[in-house]
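Colleague: Could you walk me through this one? I keep tripping over the labels.

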Amino acid sequence: MREHLKAARHLQLEKTRTLTTTLRLLPRPSPLLLGGIQVMLEKVNKEQGLDEDDLAARNNVARQVEKLLATQLPGCTVTIYGSSFSGFGLRSSSLDLKLGL
């Protein structure tokens, strides 16, 4: 029985239960706190978020990579995924590309 309780799967389940309980005990954020968080997020997005030009440049990179690879892999596709695709990326975020064959 003790070996079972020491198993990684059991320990992970216990951590999850503890975290869930802890989160349930946290007080709900006040409207003032939520408003402050929204202001901060909007500021970060304005200063560091991807704008239309950034997104266009990233799409251009994907098309150039696709064009280059197509010389050796005809019919391949290169697709953007991750934060650049969702629009939640920052200018410093990496560009995630998926190669379809």
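**Salt bridges and a buried serine**

Modeller: Sure: Asp54 forms a salt bridge with Arg91, with the closest N and O atoms 3.0 Å apart. That pair links distant parts of the chain, 37 residues apart: Asp54 sits in helix 4, Arg91 in the loop between helix 5 and strand 2. Keep in mind that this is a predicted model: local features need pLDDT of at least 70, side-chain atom pairs count only at pLDDT 80 or more, and totals for chains, interfaces and linings use all residues. Residues are numbered from 1 along each chain as its sequence is written, and side-chain values use heavy atoms, leaving out hydrogens and water.

Colleague: What makes the Asp51 and Arg91 pair a salt bridge?

Modeller: The term needs a side-chain nitrogen of Lys or Arg within 4 Å of a carboxyl oxygen of Asp or Glu. Asp51 and Arg91 have N to O at 3.7 Å, so the pair qualifies.

Colleague: Why does Arg91 count as partly exposed?

Modeller: Because its relative accessibility is 40%, and partly exposed lies between buried (under 20% relative accessible area) and exposed (over 50%), using a 1.4 Å probe and protein chains only.

Colleague: And why is Ser84 called buried?

Modeller: Ser84 has 7% relative accessibility, so it counts as buried.

Colleague: How do you know that Ser84 and Arg58 make a polar contact?

Modeller: Their side chains come to 2.6 Å. A polar contact is a pair of N or O atoms within 3.5 Å; within protein, one must be able to donate a hydrogen and the other to accept it, and residues adjacent in sequence count only if both atoms are side-chain atoms.

Conventions
Helix = DSSP H or I, 4+ residues; strand = E, 2+ residues; numbered from the N terminus.
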